[in-house]
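Trainee: I am new to this structure and would like a close look at a single part of it. Could you walk me through that part and then show me how the rest fits around it?

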Amino acid sequence: MAGRTARLVLLAGAAALASGSQGDREPVYRDCLLRCEERNCSGGALKHFRSRQPIYMSLAGWTCRDDCKYECMWVTVGLYLREGHEVPQFHGKWPFSRFLCFQEPASAVASFLNGLANLVMLCRYRTSVPASSPMYPTCVVFAWVSLNAWFWSTVFHTRDTDLTEKMDYFCASSVILHSVYLCCVRTVGLQRPAVASAVRALLLLMLTAHVSYLSLVRFDYGYNMAVNVAMGLVNAAWWLAWCLRNQRLPHVHKCVAVVLLLQGLSLLELLDFPPLFWVLDAHAIWHISTIPVHVLFFSFLEDDSLYLLKESEGKVKLD
């Protein structure tokens, strides 16, 4: 839901600095990188590097230059710490201790666990809710869209490249827009399918235009952030308005809790500090904290779908 918006805010802010941060502007970092590349990344030295590079690193796309950046980053961090300065950022990111091929281990694992939680709840939903429930198709598609987004989030935090960054951004946008559509179907579309179809077409057009602009014209981080924050707020407000009008439903409190929790937990993204133990930063903590929220939201969808099914069957009997 709207919780993915908060993540986009932090990513957009970091990416805006990616062209140059304090750490990678340091002469010591630049000199170290130049010497490392000259020494290791050409001719026989490059062949030697490739021969000793673990297969999982090469499969993840780690190059000799990437290794030099990593080593020189820690050289620069060590110098800052010895001289009593605060830890700098590099290319818009805090320095993380790499584990195997994972560039940001805690965020990668947390993204994977979010995806796993979505998968488990999808299986539970499909087991518990008959396909004849009015919301069944929309909820199942939402689960797959979310799974896809968490897959690319895991890939992005494992290996940050232009492709993985774009896929992470675009898939996060798709989750936000599909949550808006999910809310539209639940609040309006069941009674007025034509309205839901029109909103679906509009949202698909918006996503296509959004991705096309960022891919073909300019990858504008500020624009991307503004669009996703706006849609996330619309999504949250729409769900809360529906909850207020349907307080009699015994499961509506779950939806309220999800919306409020996601908005509250998004404040974690405002915390910006060097990673604890060079692994755990505010972004990773936010990812970890959203895992039970996804479970709660799918529990709400399950209860609501069963309620709608019972209600529709009751109407059929009356007819």
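Mentor: Let's start with A196, which lies in helix α10. In this predicted model, A196 has a relative accessibility of 6%, so the residue counts as buried, the limit being under 20%. Now look for V295, which sits 99 residues away from A196 along the chain. The C-alpha atoms of A196 and V295 are separated by 26 Å.

With that residue found, step back to the whole chain. The protein chain has 13 helices and zero strands, so reading along the sequence you meet the pattern α-α-α-α-α-α-α-α-α-α-α-α-α. Taken along the principal axes, the C-alpha atoms fill a box of roughly 80 × 40 × 35 Å. Of the 319 residues in the protein chain, 50% are buried.

Next comes the interior. The largest nonpolar core has 46 residues, and L182, W239, F297 and L301 are those with the most contacts inside it. Helix α10, spanning 193–217, is one of the elements that give two or more residues to this core. The others listed with α10 are α7 (105–128), α8, α9, α11 (221–245), α12 (252–265) and α13 (282–318). Helix α9 supplies the largest share of this core, ten residues. Apart from this core lies another one, of 14 residues, including Y29, L46, C68 and Y70.

Now for how some of these helices pack. Two packed helices are described by the angle between their axes and the distance between the axes. Helix α8 covers residues 136–158 and helix α9 covers residues 162–189; the two pack at an angle of about 160°, with their axes 8 Å apart. An angle over 145 degrees counts as roughly antiparallel, and that is why α8 is described this way relative to α9. Where α8 and α9 contact each other, the residues divide into 15 nonpolar, eight polar and two charged. The crossing of α8 and α9 is left-handed.

Move along to α11 and α12, whose axes come within 10 Å and cross at roughly 150°. That makes α11 roughly antiparallel to α12. The crossing of α11 and α12 is left-handed.

Finally, look at the aromatic rings. A pair of aromatic rings is described by the distance of the centres and the angle of the planes. A search of the whole structure finds 18 aromatic pairs. In one of them, the rings of Y70 and W74 have centres 6.3 Å apart and planes at 80°, so this pair is edge-to-face. Y70 and W74 are four residues apart in helix α6 (residues 64–82), so about one helical turn separates them. Y70 is buried, with a relative accessible area of 16%, whereas W74, at 21% relative accessibility, counts as partly exposed.

The rings of W239 and F300 have their centres 5.9 Å apart and their planes at 85°, so this pair is edge-to-face. Because W239 lies in helix α11 and F300 in helix α13, the pair ties together parts that are 61 residues apart in sequence. Both W239 and F300 are buried. You can also trace a cluster here, in which ring pairs link F142, W239, W242, F297, F298 and F300. W239 and F297, both in this cluster, are also among the residues with the most contacts inside the largest nonpolar core.

Key:
Residues are numbered from 1 along each chain as its sequence is written. This is a predicted model: local features need pLDDT of at least 70, side-chain atom pairs count only at pLDDT 80 or more; totals for chains, interfaces and linings use all residues. Side-chain values use heavy atoms; hydrogens and water are left out. Axes are lines fitted to C-alpha atoms, for helices over the stretch in contact, and angles run from 0 to 180 degrees between N-to-C directions. Angles under 35 degrees count as roughly parallel, over 145 as roughly antiparallel, 65 to 115 as roughly perpendicular and the rest as oblique. A crossing is left-handed if the near helix is turned anticlockwise from the far one by less than a right angle, and right-handed if clockwise. Ala, Val, Leu, Ile, Met, Phe, Trp, Tyr, Cys and Pro count as nonpolar, Asp, Glu, Lys and Arg as charged, and the others, Gly among them, as polar. A nonpolar core is a set of buried Ala, Val, Leu, Ile, Met, Phe, Trp, Tyr and Cys residues joined through side-chain atoms within 4.5 Å. Buried means under 20% relative accessible area, exposed over 50%, partly exposed in between (1.4 Å probe, protein chains only). Rings of Phe, Tyr and Trp (its six-membered ring) pair if their centres lie within 6.5 Å; planes under 30 degrees apart count as stacked, over 60 as edge-to-face and the rest as tilted.
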